[in-house]
Structure formats: structure tokens, C-alpha cells
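Here is a note to read alongside the structure, written for someone who is meeting it for the first time. Please keep the display open and find each residue as it is named.

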2 protein chains.
Amino acid sequence: MTGIRRLAQHLDISIGTVSRALNGRPDVNEETRRKVLEAAAELGYVPNQSGRSLRQGTTNIIGFMMQTGTEITGQGDTFFMSVFDGVQTVFARHRLDLVALLCSSEEDPDDYLRRVVARGFADGLILSATQRNDPRFEFLAKRKIPFVTLGRSLTDVGQPWLDLDFEGMAQISIDRLVAKGHRRIAVTRPHDDINLGHLFVDQSAKALAAHGLTLDPDLVFSSKPNEAGGYHVAQQLLAMKDRPTAILLVNETIAIGFYRGMSEAGLKPGRDIAIIGRQSPQSHFLSPSLTGFTLSRRDLGIALAEALLATMPAFSHFYPDAELRKVWPEDLVEGESDAFTLPA
Amino acid sequence: MTGIRRLAQHLDISIGTVSRALNGRPDVNEETRRKVLEAAAELGYVPNQSGRSLRQGTTNIIGFMMQTGTEITGQGDTFFMSVFDGVQTVFARHRLDLVALLCSSEEDPDDYLRRVVARGFADGLILSATQRNDPRFEFLAKRKIPFVTLGRSLTDVGQPWLDLDFEGMAQISIDRLVAKGHRRIAVTRPHDDINLGHLFVDQSAKALAAHGLTLDPDLVFSSKPNEAGGYHVAQQLLAMKDRPTAILLVNETIAIGFYRGMSEAGLKPGRDIAIIGRQSPQSHFLSPSLTGFTLSRRDLGIALAEALLATMPAFSHFYPDAELRKVWPEDLVEGESDAFTLPA
DNA sequence: TCGACCACCGTAAACGTTTACGGAACTATG
DNA sequence: CATAGTTCCGTAAACGTTTACGGTGGTCGA
């Protein structure tokens, strides 16, 4: 005799009542419910998840899909860990188990997602690293699996999303640099087709145009989102005959490599080239200090979780006015890296 | 009609045979097996995991428990991501699903593990961040849940483990620095009770003793394993009246903070203080270059996975001679950070 | 020809839950 | 007192698998 049956026998009531009591159904006497809860705690009874899943067609698991491997090591890790932390705290309140689904660098993300879904792994999903045209959106929508994405995409299927304000960052950065007299401004973007790259570059071009300037295509640098990528950008940029006087670094970690590249060439950030980037725990240890944008990653995670739950029927009533689509604001922390000013 | 029943109906054979065919049982005609596989692919049939789990008492999931949150952000992330990548590739071969169980910084790791286990979440576990006395070991052993740990512990319960060679690193580092004339050598260790700290510090002391030297307790610096921790160590160390001439940095990321602390004080690694640390993708962008140990994180992950599978009855025959307990060797990459030599 | 053996397959029970349904006991209402 | 309504509980079916067991038809050796 195991499981709920054992508990029922111990209390000398039926398993149906036990189940109802444990699941908070209304049609059970409060006195019996108390006894059941008590006995459950005493005997250390925990419902078997397989049994529940089989019956209810639900797993109680939410998956947070991220990519792993060397390519994005610099980028993904510390950032996503913090976001994950925020997500975790929300789901814990609902006794939902959150797991990280790390798609290996060797595997295609679409294939990986297909496997996860076929397996019936999760009740809901959080996607990150959204591509400009991301097939995963359609795929999940077609199967009616609730999901939320960290990042917009052109392939919008009506799902909730949150995103960083790449357009705002581009706008503010360009305005700021132009005000300091810069005319030739470089921009970085991730090497793949991730959507944020487009948003950032396009908005940079628009912002420049508003000042009567154009974004020189030669000044758009694609880079892997890690230290090595930033180093490589520095090498390319410094080898140019008509070198830009300022640069926007869209990614958090490439600043470290870019600094290194400059110092090897005997140049100093903020003196020879103006830099605006993004803050991270690591960037605090750059010298000269980095001017860059920052945000609460943990709060972002919380908002992500709430947006997802708001679209899941079983939980939506908890979050009647969750923000389903939001561009997340960032603050600019002023440092020394963009001190370089050109004469008017 | 759904699931396996639908498939059986479509083929006009019994569900029992279908199941046997799909699971590679011997007592099914190869011709029928072919047909079943074909039809399964055609209809896109995928066995329901809840059904399997319920019947077999097994989940097909392996959990890799890590910690998240600000405290270890610097440390854990890129390192564990790479290890995870290695683990993933092994489990994929056996159609086991690997998920990352990220214990939030707010939650006690022991409680978290208890929840995971009570839920019957995984068939096996990989533990990291092992403490000197780690209650999780006993807990899992008592419940007969297969697990492997990345890191030794005093609370050994016979489970397989892999670990980095902290003792070897300490020995080689001390020998090397002493040969360069250093006598006052500082050592870092993580601020918590993680076991590697003990191994590293103890072996450093022994190695010094072999040269007739002693490890000054004031020269053992506890730090959080991130950039900020390294920065803090530098501040403390540089404020000493009788400053050490060399230091060992046990953690990968603190070097960045330590460098920053030195340069703010107008000092240069490798010229004013000799440093031996650990290599990481980030440390490649330090200047002067870091002398430090390195290893293949991915291979470590592969070995971890194999050690775990070797102890699980259903898979052990695949890995008859897996290394169940191994101190993982590291290579020393020579850089400029320990160039500082004292006159004899 | 007969029994033994083998290869293959169908049947049905089990895994641990949840929940629709119906019924018993009680209360309220006229 | 009869009826209707309410509260609570037990029964049993279902979720989708796997697998022990038994049965059928065939082959082979004596």
C-alpha cells in the first residue's frame, strides 16, 4: 500500500476525499481536511508527480530555454543567471518547478525545442535569444503551449514578451555622443540574426539621421557576444585609416575585450575613443570606468514570470494586470569612457 | 483514440507489441518492428513520459544542481555552462533529458534538494559546490538516488566524484614561486565552507613547509568568488605594512578584481607582486597576461556524466571502466603575472 | 507421430493520481 | 411531515504506458 492509498487507509477515509482535501477542493469538511494535511505531514506523503501528470495532462514544470556553449558563454551566463533568479522566486509561490533547459552549442535550437515539446516536458516556456525571424514562435503557438519571450521578433504570434530597450539605448547614446561633437560613430551588433542587433543598429541610424548624419556601413561591426568578440572589433576598428571617434557596444561583455584591444595599441578609452556600453558585474572592474546602461535583471525575471502566468488559465487570475508586453527601461550610468569630446 | 493505442489500431496489432517494438525488446519480429517504427515516425508518435514514468518509476531526467544569484555569479556561470555542455552530450546519447536545477540564492541548498527529491524529479543528480561537510550526500545516499559530485567532501558516502586538482595546483604554484625567491606568499580561499578552499590552503601550507617556510595566517584571504572579491583582497593586501610578494588566486574570476585593485594603487602584476591564478575566457583579456591553470571544462562534464551513468544499473554496462573518482589534472599556462623574481 | 521447444503476439493488470457521478445524512422550508 | 436543498463523502473510471503471463502456430528431433 503506497501513496495516497496508504494515507487514506491510515485515516480510514477514501482516497477521493484525501485527494480533494489536499488539492483544496471546496467539497470537503474543514475538519477532515485538517486531519488529512496533518497525516500527510506526519507520514511525509508527497503526491507522485507522474500520476498527477498522467491524469491532468500537466507537468507542473516551467522551462527556461537558454543556449550554452562557447559561443555565448561571455554573454549569456551571468546575465541569465540573475534573470533566472527572479523568475524562480515567482514560480516558487505557485509550487511550479522551474528548470533551465540549456540547449547545447552543438544542437539546433529549433530541434531542441521540438524535442522538449514532443516529450511534453513543460506546461510553459520562457524563450530567450530571440531571432529576427524565430520559427520557435509559430511552433509553440500552433501547439498552444503558453510561452513568453525575452526579446521581440518579427514572427509575432501574440505571445507576451519583454525586451530590453535597445532602441532607447541607441537613441540616448547617439544623442549624447553627437552632443559631444562626434560625427563618425561606430556601432556593434551580434554576429548572428538575433533580433536585438537589428533594433539597435536601425535605431542608431535613425538617431544619426535626425542629426543630419549617416551611419557608415563600414562602422557597423558584427561580433560574437563575448570578450574575444570585443577584442576582435577593436583590432578591426583600430586598423581603419579613417578611424571613428566613438563607438556603441551593444553587448555587456565585449567592453572588456575592446578595452584590451585599445590598451595593446597604446590607446585609452575615454581619451582616444568615446565608448558607451552596458554595465555588468564585470564591467565595474574596467578602467577607465565604463559609461553604460544598467537594469535590474532580477526584476526583469520577475516580470517575465508574471507575464507567462498571466496567460496560463490556471494562474491568470493571480495576475489580472500583469504587463504582457513591455520594453524594459534602463538607466545610464555615467563613467569616464565617453569623456572624449571633440572641438566644435 | 490516442497515443500508443492509436498507433496499434493503425497497424492492426496489439499495443503490447507496439510497446515492445519501440522499446527494442527481443521478442518481436524484426519485420513488425520495422513497420511499427515506420508508422510511429509517420504519425509522429512520441511516448507519453508521464505514462512511462508512472509505470516504470523512472523519469528519464537527470538534474544538474547549481547555485544562482549574485554571490557566485562571477564564479559559477561560464565555468558551469561549459561543464554542462559536456554533460549534455553524453546524456543525449541515452535519450536522457538533462536539466539544470538552479538553486536560488534565497533558498537553502539542502531544502532545495529535499524538494527536488520529494517530487521524484530526477533519476540521477549531479551536485556541485560541495561543502566540506555536505549534508546532501547522506541525504541522497539514504534514498538511494544515484548521484555524482563535482568536488570532494568529508562526508563521503561512496558516490563517484570528480574534482579539480586543487592540491596539485597549490603544490606547483608554491614550488614555482619559492624557486623565484618568494618567501611571503599569500593565498586566497572562498569565503564559505566549500571544500576546495580547505584543500587548497592546507596543501599550500604543506608545500611551504617542505621548503622550511610557514603560511602566515594573515596571508590567507577569504573572498567571494567574483570580481568584487578579488578587488577587496587587493585592497586588504596592499594595506598591509609587511606586504607579501606573491599570491595564489584559487578562483578564476577574482584575478580581474585583483588586477584592478593593483592598478588603482599604481602597481603592476608581475612587476610588484607575482600572481598565479586560474585561466578563464575572461582572464585572457588581462594585461599583463595571467599565469594560471587551465583545463577542458567540457571534458570534465563528459567524465562527470559517465561516472554517474556507470553507477546507474540501467546504463552501467555502457561504461564498464568509467573513472569513478578522479582528480582532474590541469595545465599551467605561463604568462607574465608571475615574472616578479626576488634576488637570491 | 508426438512432445519439446521456440518465436512471436495478445491480454490484462498494474503504476498513482484526479474527478464526474451518485448517494447518504442532515438542514431548511413550506 | 414531506420536499427540496446542501454538505460531504465513497466509488470507479480514466490518463498512457510497460510487462508478466499465457497461448498459438510452427519447427525439429526422436
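1. The model is predicted, and a good place to begin is the protein surface near DNA strand C. In chain A, helices α1 (3-11), α2 (15-22) and α4 (49-56) each supply at least two residues of that surface, and in chain B the helices α2 (15-22) and α4 (49-56) do so as well. The residues of this surface divide into eight nonpolar, 13 polar and eight charged.

2. Which residues come nearest to DNA strand C? Of the 29 residues around this strand, they are I4(A), R5(A), S19(A), R25(A) and R55(A). On the DNA side, 60% of the atoms of strand C that lie within 4 Å of the protein belong to sugar or phosphate, while the rest belong to bases.

3. Some individual atom pairs show how both parts of strand C are approached. In the side chain of R52(A), an N or O atom is 2.9 Å from a phosphate oxygen of DNA strand C. A base nitrogen of DNA strand C lies 2.9 Å from a polar side-chain atom of R20(B), whereas for R55(B) a polar backbone atom is 3.3 Å from a base oxygen of DNA strand C.

4. The other strand deserves a separate look. DNA strand D is surrounded by 29 residues, of which I4(B), R5(B), S19(B), R25(B) and R55(B) are the closest. Of the atoms of DNA strand D that come within 4 Å of the protein, sugar and phosphate account for 60%. The surface near DNA strand D draws at least two residues from each of α2 and α4 of chain A, and likewise from each of α1 (3-11), α2 and α4 of chain B. By residue class, the surface near DNA strand D divides into eight nonpolar, 13 polar and eight charged.

5. Contacts to the phosphates of strand D can be followed one residue at a time. The side chain of S14(A) has an N or O atom 2.8 Å from a phosphate oxygen of DNA strand D. In chain B, a polar side-chain atom of S19(B) lies 2.5 Å from a phosphate oxygen of DNA strand D, and for N23(B) the corresponding distance to a phosphate oxygen of DNA strand D is 3.1 Å.

6. Turning to the interior, it helps to recall that in soluble globular proteins nonpolar side chains tend to be buried together. The largest nonpolar core here has 116 residues, and F91(A) and F91(B) touch the most other members. Leaving aside residues up to four places away in sequence, F91(A) touches I62(A), L96(A), L98(A), I126(A), A305(A), L308(A) and L309(A). There is also a second, separate core of 36 residues, which includes A122(A), V99(B), L113(B) and F137(B).

7. Is V117(A) buried or exposed? This residue, found in helix α6 (residues 109-118) of chain A, is buried because its relative accessible area is 15%, which falls under the 20% cut-off. Apart from residues up to four places away in sequence, V117(A) touches L125(A), F139(A), L140(A), R143(A) and I145(A). The C-alpha atoms of V117(A) and L308(A) are separated by 17 Å, although the two residues are 191 residues apart along the chain.

8. A last point concerns cysteine. C103(A) counts as buried, since its relative accessibility is 1%, and C103(B) is buried with a relative accessible area of 1%. Over all chains, the count of disulfides comes to zero.

How values were computed:
Residues numbered from 1 in each chain as written. Chains lettered and ligands numbered in written order. Predicted model: local features only at pLDDT ≥ 70, side-chain atom pairs only at ≥ 80, totals over all residues. Heavy atoms only, no water. Core = buried A, V, L, I, M, F, W, Y, C linked by side-chain atoms within 4.5 Å. Buried < 20%, exposed > 50% of the residue type's maximum accessible area, 1.4 Å probe, protein only. Contact = heavy atoms within 4.5 Å. Near = heavy atom within 4 Å. Polar contact = N/O pair within 3.5 Å; in protein donor to acceptor, adjacent residues only side chain to side chain. Helix = DSSP H or I, 4+ residues; strand = E, 2+ residues; numbered from the N terminus. Nonpolar A, V, L, I, M, F, W, Y, C, P; charged D, E, K, R; others polar. Disulfide = S-S within 2.5 Å.
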